[in-house]
Each structure stands twice: as C-alpha cells, then as structure tokens.
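Welcome, and please take a moment to look over the sequence and the 3D view. The briefing that follows walks through the main features, topic by topic.

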Amino acid sequence: MSGHFAGDSLVLLGRSRRHITRSLDTIITTTITPIVLLLFTYVFGGAINTGAESYVTYLLPGILLITIASGIAYTAFRLFLDLKSGIFERFQSMPIARSAVLWAHVLTSVIANLISVAVVVLVAFAMGFRTSAGPLAWLAVLGMLVLFTLALTWIAVIPGLTAKSADGASAFSYPLVFLPFVSSAFVPTTTMPGPVRAFAEHQPVTSIVNTIRDLFAERPAGTGIWTALAWCVGILVVAYVFANVIYRRKIS
C-alpha cells in the first residue's frame with residue numbers, strides 16, 4: 001500500500017508540477033514579490049538600528065517566510081480548480097490512493113516554494129547578505145523552512161476544498177502574508193508599543209524568524225528553536241487533520 005501511495009503521488013506530482021511550469025503569472029508573483037520586499041533594504045536600511053548585522057541580513061528570514069506565505073495561495077487555487085473541474089471524480093474511478101491527490105499538491109508546493117526561496121537567497125547575497133553558518137546550520141534552516149511550508153500548505157488545502165470561488169480560495173493567504181509585518185521580521189519588537197509588542201512576541205512568525213537569524217549567525221538558538229518547532233508542528237498537525245476530514249467528506 002505504501003508503494004502504491006508513493007507511486008501514485010509521484011505521478012500526480014508530475015501533473016501538478018507541469019501546471020506550475022506553464023503558469024507564468026504564478027512564477028512571477030511568487031518570486032518577484034518577495035524580491036521587491038527585499039528591496040526594502042534600500043528604503044529602511046539606514047533608518048532602522050538592528051545592531052551589528054546589516055539590514056539585509058536582518059530582513060532576509062522574514063522575507064523567506066513571506067515568500068512561502070505568498071506561494072501557498074496557489075496551492076489552494078489549483079486545488080479549487082481541480083475540484084470544480086471534476087477531476088477528483090475521475091481520480092476516484094481509478095485504482096489510485098485517494099490521499100495521493102492531496103499529497104501531490106502539497107509536495108508541488110514544497111518544491112515550488114523552495115525554488116522561490118533559493119532565488120530570494122541568491123538575490124540577498126547579491127545585495128550584501130552574509131552569513132557564517134556552516135552546513136549543519138544551513139540544513140537546520142532548510143528543515144525549518146520545509147516544515148513551515150508543509151504547515152502553511154496544509155492550511156491552504158482547507159480553503160482549496162471549501163471555497164466557493166477561485167478568489168476565495170487564494171484570498172485566505174493575505175493574513176498569512178501580513179503576519180510577518182507584525183513580528184520581528186522588519187523591526188525589533190522592542191520598538192513597538194505595548195499591545196502590538198505583546199502580540200508580535202507571542203505569534204509564530206517571530207519565533208521562527210529569530211531562530212533562522214540565530215542559525216545564520218551561528219548563535220545559540222536556546223529555547224526559541226523549540227518554540228518555533230512547536231508552532232510549526234502544531235499548525236501542521238491541526239491543519240493536516242482538518243484538511244483530511246474535509247477531503248473525506250468531499251469524496252464520500
């Protein structure tokens with residue numbers, strides 16, 4: 001059964017990946033938008049004191065999360081289109097693992113978002129980003145980003161299955177893209193007024209951003225890394241359960 005599931009997922013992954021490569025607007029939006037935000041370095045870099053590190057180095061972890069939050073909107077959109085086109089009914093009539101349909105979309109999201117992240121990192125290096133991180137630290141950053149992508153993608157599956165329109169399927173991502181702006185992604189939380197600071201310091205983006213910064217600087221992450229992992233795993237588990245419950249109801 002596991003081999004059956006893996007094979008079916010890979011076949012459907014190829015189908016979903018081809019849709020991505022043929023969608024020029026998807027490629028442009030998920031890559032260019034984060035790069036434009038990265039250019040904020042030249043707007044705010046001289047006005048914000050982040051300590052010893054350059055502003056592009058400070059900004060990059062938050063931009064990476066925004067890159068992922070922007071990219072997962074297309075997972076919901078493509079899933080919605082598949083549902084409305086009747087392709088799900090056709091898949092149900094075939095001898096394939098039912099869960100492979102969702103996993104193909106999820107894995108496509110992970111691959112597409114990692115490519116976007118890689119492009120953003122290369123642009124950041126060209127803009128002056130520097131890091132002393134070794135291979136293990138880079139692997140830890142990669143693992144954190146993959147986990148974050150999985151968590152947000154399974155959230156995206158829910159509106160993809162339940163939305164009434166294509167716009168509604170992708171609109172859910174707007175709050176997720178906005179969340180880094182009320183965190184430590186752009187400015188230190190110590191500069192924020194009391195209520196805003198309290199929210200910023202106790203939401204998932206801040207702990208994840210701070211952890212990635214520590215890994216890039218090879219500083220001890222302390223308990224922050226466990227907080228970040230707890231947020232990612234907790235969101236992933238809850239979203240996965242809800243998405244699969246909704247999916248089973250849809251195809252039953």
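Leaving aside its neighbours within four places in sequence, which residues is Leu64 in contact with? Leu64 touches Val117, Val120, Val121 and Leu145. Keep in mind as you read that this is a predicted model.

**The chain as a whole**

- The secondary structure of the protein chain consists of 13 helices and zero strands.
- Following the sequence, you will meet the pattern α-α-α-α-α-α-α-α-α-α-α-α-α.
- The protein chain has 252 residues, and 49% of them count as buried.
- Take the contacts between residues at least 6 apart in sequence: 81% of these join residues at least 24 apart.

**Helix 4 and helix 8**

- A useful pair of values to look for comes from a general point: two packed helices are described by the angle between their axes and the distance between the axes.
- For helix 4 and helix 8, the axes come within 10 Å and cross at roughly 30°.
- The crossing of helix 4 with helix 8 is right-handed.
- On the helix 4 side, the contact is made by Leu64, Leu65, Ile68 and Ala69, and on the helix 8 side by Leu145, Phe148, Thr149 and Leu152.
- Sorted by type, the residues of this contact between helix 4 and helix 8 are seven nonpolar, one polar and no charged.

**Helix 4 and helix 12**

- Helix 4 covers residues 55-71 and helix 12 covers residues 204-216; their axes come within 9 Å and cross at roughly 130°.
- An angle over 115 degrees but not over 145 falls outside the parallel, perpendicular and antiparallel ranges, so helix 4 is oblique to helix 12.
- Helix 4 and helix 12 cross in a right-handed way.
- Helix 4 brings Tyr58, Leu60, Pro61, Gly62 and Leu65 to the contact, while helix 12 brings Val205, Ile208, Val209, Ile212, Arg213 and Phe216.
- Nine nonpolar residues, one polar and one charged make up this contact of helix 4 with helix 12.

**Helix 8 and helix 12**

- The axes of helix 8 and helix 12 come within 9 Å and cross at roughly 160°.
- Angles over 145 degrees count as roughly antiparallel, and helix 8 and helix 12 are therefore roughly antiparallel to each other.
- Helix 8 passes helix 12 in a left-handed crossing.
- From helix 8, the residues Ala137, Trp138, Ala140, Val141, Met144, Leu145 and Phe148 meet Ile208, Thr211, Ile212, Leu215 and Phe216 from helix 12.
- The contact of helix 8 with helix 12 divides into 11 nonpolar residues, one polar and no charged.

**Three buried residues to find**

- Leu64 has its place in helix 4, and with a relative accessible area of 1% it is buried.
- Although Leu64 and Val120 are 56 residues apart along the chain, their C-alpha atoms are separated by 7.3 Å.
- Thr149 is part of helix 8 and is buried too, with a relative accessible area of 1%.
- Beyond its neighbours within four places in sequence, Thr149 is in contact with Ile68, Ile72, Ser109, Val110 and Asn113.
- Ile72 sits in the loop between helix 4 and helix 5 (73-85).
- Is Ile72 buried or exposed? Ile72 counts as buried, because its relative accessibility is 0% and buried means under 20%.
- Setting aside neighbours within four places in sequence, the contacts of Ile72 include Ser109, Asn113, Thr149, Leu152 and Phe172.
- The C-alpha atoms of Ile72 and Val110 are separated by 8.7 Å, with their positions 38 residues apart along the chain.

**Thr162 in helix 8**

- Thr162 lies in helix 8, which covers residues 135-162.
- With a relative accessible area of 36%, Thr162 is partly exposed.
- A polar atom of the Thr162 side chain lies 2.8 Å from the backbone oxygen of Ile158.
- Thr162 and Phe80 are 82 residues apart in sequence, and 8.0 Å apart in space from C-alpha to C-alpha.

**A backbone detail**

- Most residues other than glycine have a negative phi.
- Glu218 is not a glycine, yet its phi is positive at about 55°.
- You can find Glu218 in the loop between helix 12 and helix 13 (224-251).

Conventions. Residues numbered from 1 in each chain as written. Predicted model: local features only at pLDDT ≥ 70, side-chain atom pairs only at ≥ 80, totals over all residues. Heavy atoms only, no water. Axes fitted to C-alpha atoms, helices over the stretch in contact; angles between N-to-C directions. Helix = DSSP H or I, 4+ residues; strand = E, 2+ residues; numbered from the N terminus. Parallel < 35°, antiparallel > 145°, perpendicular 65-115°, else oblique. Left-handed = near helix turned anticlockwise from the far one by under 90°. Contact = heavy atoms within 4.5 Å. Nonpolar A, V, L, I, M, F, W, Y, C, P; charged D, E, K, R; others polar. Buried < 20%, exposed > 50% of the residue type's maximum accessible area, 1.4 Å probe, protein only. Polar contact = N/O pair within 3.5 Å; in protein donor to acceptor, adjacent residues only side chain to side chain.
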